[in-house]
Amino acid sequence: MKTNKMLLISFLTALSFAGCSEDDNIEYVNPGSKVKTDVVITDGQNLNDDYTNIADWSNRFKWNLANVHDPSVVLADDGYYYMYQTDASYGNAHVGEGQARGHFYCRRSKDLVNWEFMGPTMHGVPTWMKAKLNEIRKAMGLGASTTDFRNQNQFGYWAPCVRRISKDLYRMYYVVTLPGTINGAGTWSERCFIGLMETKNPADIDSWVDKGYVVTNYSDLELNYKVSATDYAHCYFKYNAIDPSLIINEKGEHWLIYGSWHSGFAAMQLDPSTGKPLHALGNPWGKENEASYGKFIYTRQLGNRWQASEAPEVVYHDGYYYLFIAYDELSVAYNTRVVRSKNIDGPYYDITGKDVTNHGGDAYPILTHPYKFGNHHGWVGISHCAVFNDGKGNWYYASQQRFPENYKGNANSNALMLGGVRSIVWTSDGWPLVLPERYAGITQKAITETELLGDWQHINLAYHYKKQDASVAMTLGSDHKVKSGWKAGKAWTFDASKNVLTIDNERFYLRRELDWEANPRKETIVYVGLSKDGKTTYWGKKV
């Protein structure tokens, strides 16, 4: 089960401060006590993106959105947004020296700008996991696992998905990846598990109760697991039990969308009362059992088990299910695409009309991509998103974003992972687009045409593997012509009632946001738009 995610373990381990003790009497440190941070962030001015000076564990209550990876965000009944994440941090600060610091960290916010770090929601490897693994291995004709389940650092704790189910009921679908191979050298990597926890009160991080096993990797290759763990194109597993996304559809049905790299994504219906699979799963191999492990809904490459796509996130909006997808490796090239369907179980289509359920292929539009404005260092590795709304019609996109490699001589700068919350706008054709600047709670006063005159920085978000899309200049003139730079000579108009700028018959959706690259940071106007063919996303800001 070698995946893009597994590569991060060695990447971050190289920065590790220390390992965990294997002693039976591991001391679990609970960092959830309410310790006030001395950093107050109300307008973005006090947030230092380069957080190396506070990256260590003792400064965790100052992190705000530092060390965010694979976030999941839920708006709770107490008015807080709660964010949960994969276990990852710069320098492996979360691992500690001789002690385990827990898993699936939580932080919360009332305004999506100021975030309080709270601590872990899980301590130790779930107790059911060893027995379940050995049950499957026995059915495969294999001996019991020799993995030491006391050594937490062997395992990966990935991509939780948290949803409000009803008043006083919140569910977390979490992932634990197991070390090693199925049966020694020359066999595929060991499986992983999606499990379930529940709580009545997300404000109490120690209140999560483990409800056990949900699903594991499924293979359509019977017991032919003798695939080299480096033969990625011929993975043993068809569905990889990673990256769960729960959605409750308009009929009240619960569906779990999951998968990472191996072949594509599956949609599995759940029992709403338990949160577990609606239908009995059977053994996780054999074509006769495939339907119980889900319906195949997305592939990037037909006939190739190494997809370079992961992290499905599904939301419902105005008659469509939108499937957000992370593309490519996560350290630099990570970028986000979106497709949609009238049905939760597909088929899904991209903006060009491509059927990515039955035919695959790269999907458009591109929502995020490595980029840089002006002389700023910019950002890379921007994907694996949470998509959520505030119940008042405002939608948001949250993900990690990384510093470029070797920033200011820091060989490990690409491991600096900052959480980025951005607003989503919906086009007149019903497609979501993500704004270029992070959300900062800027008051949305009416935008006037006069404010649009002058200099802009414009980016064509077009697919360039591992390269940052850089900005170019554009100047809007008072004669409603682009004076210079990108689209020079083309006419422009502005519809103030819709906050839509039109240049050369292409629409740009405007919003007030914070210019995070300015020094000092300041309010500005930003835009997002699409090329006529939908394959290039436009980002821009007034400077």
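These exercises work through a predicted model of one protein chain.

**Exercise 1. Describe the overall build of the protein chain: its helices and strands, its radius of gyration and its box.**

Step 1. Start with secondary structure. The protein chain has three helices and 30 strands.

Step 2. Turn to the radius of gyration. It is 23 Å for the protein chain, and the globule rule gives 24 Å for 543 residues. The two values are close, so the chain is as compact as a globular protein of that length.

Step 3. Look at the extents. Along the principal axes, the C-alpha atoms fill a box of roughly 80 × 50 × 45 Å.

Step 4. Add burial and contacts. Buried residues make up 62% of the 543. Among contacts with a separation of 6 or more, 61% come from residues 24 or more positions apart.

**Exercise 2. Trace the hairpin of β1 and β2 and find its residue with a positive phi.**

Step 1. Locate the strands. β1 covers residues 72-75, and β2 covers residues 81-84.

Step 2. Pair them. The sense is antiparallel, over four bridges. Leu75 has Tyr81 in β2 as its bridge partner.

Step 3. Examine the link. Five residues lie between the strands. Gly79 takes the positive phi, near 90°.

**Exercise 3. Work out the strand order of the sheet that contains β6 and β7, then place helix α2 on that sheet.**

Step 1. Set the order. The sheet is open, has four strands and runs β5-β6-β7-β8 with antiparallel pairing.

Step 2. Find the edges. β5 (156-166) and β8 (209-216) each pair on one side only. From one strand to the next, the twist averages 25°.

Step 3. Zoom in on the middle pair. Eight bridges connect β6 (residues 169-177) with β7 (residues 192-199). Tyr174 has Gly195 in β7 as its bridge partner.

Step 4. Add the helix. Helix α2 (residues 128-139) packs on the sheet and touches β6, β7 and β8. Its direction makes about 145° with that of β7.

**Exercise 4. Identify the residues that touch the most other members of the largest nonpolar core, then name members of the second core.**

Step 1. Take the largest core. It has 63 residues, and Met129, Tyr174 and Ile194 touch the most other members.

Step 2. Take the second core. It is separate and holds 46 residues, including Ala88, Tyr371, Phe373 and Cys385.

Step 3. Set this in context. Nonpolar side chains tend to be buried together in soluble globular proteins.

**Exercise 5. Lay out the sheet that runs from β18 to β21.**

Step 1. Order the strands. This open sheet of four runs β18-β19-β20-β21, with antiparallel pairing.

Step 2. Mark the edges. They are β18 (380-389) and β21 (432-434), each paired on one side only. The strand-to-strand twist averages 30°.

Step 3. Check the middle pair. β19 (residues 395-402) and β20 (residues 417-426) are joined by eight bridges. Trp395 stands opposite Ile424 in β20.

**Exercise 6. Characterize residues 436-540, then find the residues opposite Gln457 in β24 and β30.**

Step 1. Read the record. An unreviewed UniProt entry annotates residues 436-540 as the domain "Extracellular endo-alpha-(1->5)-L-arabinanase C-terminal".

Step 2. Take the composition. Over these residues the chain is 4% helix and 48% strand. The end C-alpha atoms are 7 Å apart.

Step 3. Follow β22 (residues 454-461). Five bridges join it to β24 (residues 472-476). Six bridges join β22 to β30 (residues 537-542). The strands run antiparallel in each pair.

Step 4. Place Gln457. Opposite it stand Ala473 in β24 and Lys541 in β30.

Note on methods. Residues are numbered from 1 along each chain as its sequence is written. This is a predicted model: local features need pLDDT of at least 70, side-chain atom pairs count only at pLDDT 80 or more; totals for chains, interfaces and linings use all residues. Side-chain values use heavy atoms; hydrogens and water are left out. UniProt positions are given in the numbering used here, feature names are shortened, and annotations may be inferred rather than shown by experiment. Helices (H or I, at least four residues) and strands (E, at least two) are DSSP runs, numbered from the N terminus. Two strands pair if DSSP finds at least two bridges between them. A nonpolar core is a set of buried Ala, Val, Leu, Ile, Met, Phe, Trp, Tyr and Cys residues joined through side-chain atoms within 4.5 Å. Buried means under 20% relative accessible area, exposed over 50%, partly exposed in between (1.4 Å probe, protein chains only). Axes are lines fitted to C-alpha atoms, for helices over the stretch in contact, and angles run from 0 to 180 degrees between N-to-C directions. The radius of gyration is taken over C-alpha atoms; the globule rule is 2.2 Å times the number of residues to the power 0.38. Contact means heavy atoms within 4.5 Å.
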